[in-house]
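Open your viewer, colour the model by chain and get ready to click along. Each stop says what to select and what you'll find there.

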Amino acid sequence: MFVYQLRLAFKSLRRNPVLSALMVVAIGLGIAVSTASVTIYYIYSGNPIPHKSDVLFHVELDNWHPDKPFDSDHPERAPFQLTYRDATAIMQSDVPTYQTAAFRGEFIVFPDDDQQRPFREHIRMCFGDFFKMFDVPFQYGNGWDEAADLAPESVIVIGSEMNQKLFGGVNSVGRSLKIEDRYFTIIGVLAPWRPTPKYYDPTGDPFGKPEGIFMPFNFTPVLEVFSSGNTWGWTSESINNHEGYLQSEMLWIQMWVQLDSATQKQAYQDYLDAYVLEQKSLGRFARPLNNRLLNVMTTLEEYEVVPDSTKSQLVVSLLFLVVCAINLIGILLGKFLSRAPEIGVRRALGASRSSVFIQHVLECEVIGVLGGGLGLAISVLVLNLINRMLSTGEHLHLDLTMVGAGLLLSLVAGLIAGIYPSWRICHVAPAVHLKMQ
Amino acid sequence: MEFGPIFRALLNNRTRFWLILVEVALTLAIVVNCTSIFLEKRQSFLAPTGMDTDNILAITTEPFGENFADEEFVESVGEADLRQLRNHPSIIDATPIHFFPLSGSGSSTGRKAAGSEIDTVEAGYFMVDEHGIDTLGTNLIAGRNFNSSDIELSSDDDAPQNIIITKAFADRVFPDGNVIGSRLSNRDNEHTGTIIGVIDSMSNSWPRAGMGGQTMLLPGKPRDNREMNYLVRAEPGAIDSLYTELDELLVSLENDRIVTVRTLSEIKLRYFRRTLMAMKIWAAVVVLMIIVTSLGIVGLTSFSVTQRIREIGTRRALGATRAAILRYFLLENWLITTLGLTIGTLLTILLNYILAQYAEAPKIDWVLMAGGATVLWAAGLLAALFPALRATTVAPEIATRSV
Amino acid sequence: MIKMQEIRKIYRTEHVETHALESFDLEVKPGEFISIMGPSGSGKTTLLNLIGLLDSFDNGSYVLDGEDVTKLSDRQMSRIRNLKIGFIFQTFNLIPDLNVFDNIDVPLRYRGMPARERRTAIEEALATVGLASRMKHLPTQLSGGQQQRVAVARAIVGRPKLILADEPTGNLDTAMANDIMDLLEKVNESGTTLVMVTHDPDLARRASRQIHLLDGSLIDLKTQDSHIPLINAEPAALANADC
């Protein structure tokens with residue numbers, strides 16, 4: 001019976017191809033715009049590491065001006081970054097499963113061959129745990145261990161694009177690369193990796209590419225590295241040299257830990273509180289105790305990585321879909337009611353009201369699904385266009401979830417648009433239309 | 001003008017009425033809000049920067065030679081660079097600088113009038129030498145430019161500097177006037193600088209931000225190998241040739257460094273790239289909405305005409321001329337559109353409120369609202385014209401047909 | 001009232017030419033009540049359309065109420081219909097979205113009558129048909145008989161000289177039909193010329209003169225009242241007609 005009714009629905013659409021095309025386009029346009037917006041919003045606000053987002057914690061200590069909070073709109077928040085002193089100090093804890101202080105520096109890289117000139121590259125200074133914590137995928141080799149962290153050993157890990165650029169993409173593990181004034185051995189090459197957003201460091205461009213090179217954190221004093229990310233300070237200090245920079249109250253280091261259980265989390269919280277209290281007795285940390293451990297999604301929320309545009313586009317797109325649905329209702333009403341005589345005959349021949357209703361709702365759903373297909377195709381084009389316009393290589397794409405969402409949207413739109421016209425047509429009295437011959 | 005009957009008829013046949021009314025109302029809300037956002041973004045992009053943006057080049061040098069560790073070497077290279085640049089026939093002036101304005105990268109801090117109780121005001125700041133103002137193309141409206149002793153003083157990190165600020169910053173920090181010679185302090189009331197000059201306007205590194213026009217210029221010259229960047233102001237028309245020449249020129253002076261040349265316009269475009277794209281999207285949405293709604297009105301009105309052929313014939317039989325039929329349908333459409341636009345005005349404000357809570361939304365300008373309503377009113381009229389004209393072709397004898 | 005001469009109506013399509021009405025003459029005096037009878041397809045409705053200026057004719061002349069309406073523009077015809085003719089249709093043709101008051105109001109609006117005059121006229125017309133209490137009702141809330149009575153009110157509200165009724169009782173039961181016929185006779189008695197199309201011989205006999213149509217040709221019949229002269233008819237047809 002369902003197949004029969006489905007076939008009837010298709011036949012009805014084929015009977016008036018222009019009108020059917022118009023209906024499909026009407027709803028398809030609305031689906032296209034909404035799906036594109038929802039996809040963009042979903043990608044921007046999605047969870048970049050869902051299987052671990054609740055055990056990874058961003059560490060914040062409230063090291064700021066005694067009289068004014070870091071964010072006056074949200075006084076309960078602490079600054080996002082730590083000082084070098086504090087980061088290196090709390091790295092001593094043995095509580096977390098994994099932990100890393102990290103920041104972004106910039107170095108001159110001297111490629112091996114004479115064809116390439118030296119270039120400037122962003123480098124992430126971090127500990128070996130970084131790769132384990134954030135499930136960073138390796139194509140060749142692996143990260144470094146604690147001993148390498150401590151020394152520090154002159155080893156680096158490079159990203160897949162960097163590997164392509166320097167070595168043509170071959171297995172470059174074991175080769176050396178000159179950075180600034182010394183040579184580093186490559187011990188790992190990453191597989192293509194682009195967390196969206198760049199949750200481990202949302203400063204700067206949260207949707208940009210990860211750094212191309214990773215180096216043990218403890219080279220910071222050795223190479224006299226300054227942060228090329230955000231640096232915040234609440235007090236004026238005269239900083240004459242790198243040592244002064246490291247010892248200052250400038251905040252430029254992100255700290256992440258992995259805490260797998262509630263007890264572990266509590267233990268770490270206690271550790272942080274004890275540390276800060278100790279520092280208070282030395283005259284630091286003038287603000288009230290406010291050490292925070294934020295999971296991934298909360299961190300992203302507080303950094304406000306989702307651009308406002310995206311949110312307003314989402315709202316507007318859904319309203320656009322409503323307008324398209326209204327147009328579809330209008331067309332459907334016209335089409336269905338002009339068929340009233342035929343329906344009158346069917347009803348006189350014994351078709352029940354509900355079967356007429358279902359028949360028409362089915363027809364609307366077919367239109368909805370066809371429109372959804374068209375809409376998804378259009379939204380792929382739109383997303384590609386946006387990718388190209390932004391030309392930062394951002395990857396806005398439709399994944400299976402979004403395709404599913406688009407189809408769901410089209411089914412719902414078809415239903416909503418179709419309910420009223422179908423209800424109207426099934427209430428047509430058979431007698432009236434039989435008479436008018 | 002048959003307003004009464006038309007209105008009563010619409011109330012009796014609710015569907016047609018509500019469909020068009022809701023569509024018009026929603027479209028007005030969307031069109032006005034989107035246009036508002038579009039205009040705001042456009043405004044932020046087109047706002048004057050206070051600088052001669054079209055003719056300025058930004059040069060980044062990244063020294064990697066070992067001798068750059070020596071401060072004196074850095075200074076001498078800096079001086080040589082600037083001398084070469086300033087002597088170039090196509091270059092008006094050049095200044096050393098670290099971060100570039102309009103780039104989204106820079107330094108900012110909070111300052112207040114010394115001794116004042118009010119909180120500090122945020123400002124972006126740049127370190128330039130006495131050629132800074134001319135290179136930037138800003139105008140000094142009070143006080144004086146930097147001189148060599150200001151530059152010398154800048155090497156002492158602890159001493160308060162002589163500072164030039166923008167009028168926007170001056171108005172906030174010194175609302176009573178008396179700017180020149182006044183002192184600035186930080187939040188801890190430490191004296192950090194004295195104002196020696198005011199320029200009319202200059203965008204800092206974040207032109208989109210609220211504090212985008214609050215800028216301070218500090219005197220200085222490159223002392224550190226990390227700070228050897230330059231701004232160069234080209235003679236009108238010369239910027240294209242300089243764009244390709246300059247990196248070779250500087251590398252030839254000193255080989256152990258990477259030189260990158262960009263125009264300030266390029267930097268501004270990159271900073272605004274998301275804004276520009278958003279603008280395109282909002283403009284497209286507005287156009288699309290108007291088209292879709294107009295087509296919708298054509299369709300719905302057309303459907304209405306088709307449903308009412310017998311009525312039209314009867315009216316003609318009762319004495320309506322073709323003009324009267326046209327007038328009737330246009331009037332009907334006018335009534336629905338006007339009611340729709342009225343409700344749309346409320347919806348616009350509501351949508352504006354929702355967007356403001358949840359995302360971004362500039363306040364609605366009443367001129368824009370009136371403009372949007374007029375455009376939609378005209379579009380609605382035009383859309384209804386076609387079906388209305390079709391209605392006039394219905395022959396009176398339809399009334400006597402029995403089917 | 002009506003004086004038509006040598007009127008002909010031909011429908012032309014791409015392939016076929018249909019002579020809906022053969023050349024005929026028709027005269028109706030003011031105040032007369034005539035009925036037009038004939039089987040389906042005989043052209044009754046076409047004839048009514050021509051009389052009512054709802055359609056144009058291909059030949060001949062037409063003088064209505066002393067005015068030559070032979071070659072008028074659509075605008076002029078609309079004006080005359082509005083002022084001089086009242087229509088009553090088989091399918092009532094009330095506008096479903098308008099209430100009774102607004103329905104009756106329609107022809108008055110096209111006249112440009114001021115509001116107070118319209119209101120008075122409508123109330124009078126409703127009183128005449130006996131539906132004063134139903135002023136705010138919608139057509140769907142009325143029975144068939146009541147709907148037709150509203151249609152009659154609409155037809156008479158402008159005090160037309162001529163009323164054209166096309167099968168006015170065709171969709172009504174006997175009781176309602178009689179009500180309507182009584183109403184129409186009442187209107188006719190007050191001096192309004194009445195031309196009624198019907199297929200029901202009983203109803204046709206209530207008229208003072210009957211005209212038969214057969215395949216597009218008019219046949220006038222002698223009636224009981226011999227004061228009303230015959231028009232020129234084909235002798236052969238006379239011989240075959242019922243008396």
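The tour goes from whole chains to their contacts, then to sheets and a helix pair.

**Before you start**

This is a predicted model: local features need pLDDT of at least 70, side-chain atom pairs count only at pLDDT 80 or more, and totals for chains, interfaces and linings use all residues. Residues are numbered from 1 along each chain as its sequence is written, while chains are lettered from A and ligands numbered from 1 in the order in which they are written.

**Stop 1: chains A and B, one at a time**

Select chain A and hide the rest. Its secondary structure comes to 15 helices and 10 strands; here helices (H or I, at least four residues) and strands (E, at least two) are DSSP runs, numbered from the N terminus. Chain A has a radius of gyration of 30 Å, well over the 22 Å that the globule rule gives for 437 residues, so it is more spread out than a compact globule. (That radius is taken over C-alpha atoms, and the globule rule is 2.2 Å times the number of residues to the power 0.38.) Turn the chain around: along its principal axes, the C-alpha trace of chain A spans about 100 × 55 × 35 Å.

Now swap to chain B, with 12 helices and 11 strands. Its radius of gyration is 32 Å, again set against a globule-rule value of 22 Å, this time for 403 residues; that is well over the rule, so chain B is more spread out than a compact globule. The C-alpha trace of chain B spans about 105 × 50 × 30 Å along its principal axes.

**Stop 2: where the chains meet**

Show everything again. Which pair of chains has the most contacts? Among the 2 pairs that touch, it's A and B. Two residues count as in contact if their C-beta atoms, placed from the backbone, lie within 7 Å. Here 39 residues come from chain B and 36 residues from chain A. On the chain B side, select α2 (14-46), α9 (273-307) and α11 (322-358), which each supply at least two residues. α9(B) gives the most, with 15 residues. Colour that side of chain B by class and you get 22 nonpolar, 7 polar and 10 charged residues. (Ala, Val, Leu, Ile, Met, Phe, Trp, Tyr, Cys and Pro count as nonpolar, Asp, Glu, Lys and Arg as charged, and the others, Gly among them, as polar.)

Next, look at chain B against chain C: 23 residues of chain B are in contact with 28 residues of chain C. On chain B, the elements giving two or more residues are α1 (3-12), α10 (309-317) and α11, and α10(B) gives the most, with 6 residues. By class, this side of chain B has 8 nonpolar, 7 polar and 8 charged residues.

What about A and C? No contact joins chain A and chain C, and their closest C-alpha atoms lie 10 Å apart.

**Stop 3: a sheet in chain B**

Pick out the open sheet β2-β10-β1-β11 of chain B, whose 4 strands pair antiparallel. (Two strands pair if DSSP finds at least two bridges between them.) β2 (91-97) and β11 (257-263) are the edge strands, each pairing on one side only. β2(B) and β10 (residues 229-234) are joined by 6 bridges; to see one, click B:Asp93, whose bridge partner in β10(B) is B:Arg233.

Then add helix α3 (residues 71-87) of chain B, which lies across β2 and β10 and runs at about 160° to β2(B). Axes are lines fitted to C-alpha atoms, for helices over the stretch in contact, and angles run from 0 to 180 degrees between N-to-C directions.

**Stop 4: a sheet in chain C**

Chain C has an open, antiparallel sheet of 4 strands in the order β2-β1-β4-β5. β2 (17-28) and β5 (67-68) of chain C stand at the edges with a single partner strand each, so one side of each is left without a neighbour in the sheet. Strand β1 (residues 2-12) of chain C is joined to strand β4 (residues 59-64) of chain C by 5 bridges. Click C:Arg8 to find its bridge partner C:Asn59 in β4(C). Helix α1 (residues 44-51) of chain C lies across β1 and β2, at about 125° to β1(C).

**Stop 5: a helix pair in chain A**

Last, select α11 (residues 308-338) and α14 (residues 400-426) of chain A: their axes come within 9 Å and cross at roughly 30°. α11(A) and α14(A) are therefore roughly parallel to each other (angles under 35 degrees count as roughly parallel). Show side chains at the contact, including A:Leu328 and A:Phe336 of α11(A) and A:Ile416 and A:Tyr420 of α14(A). By class, this contact has 14 nonpolar, 1 polar and 1 charged residues.

Technical notes. Angles under 35 degrees count as roughly parallel, over 145 as roughly antiparallel, 65 to 115 as roughly perpendicular and the rest as oblique.
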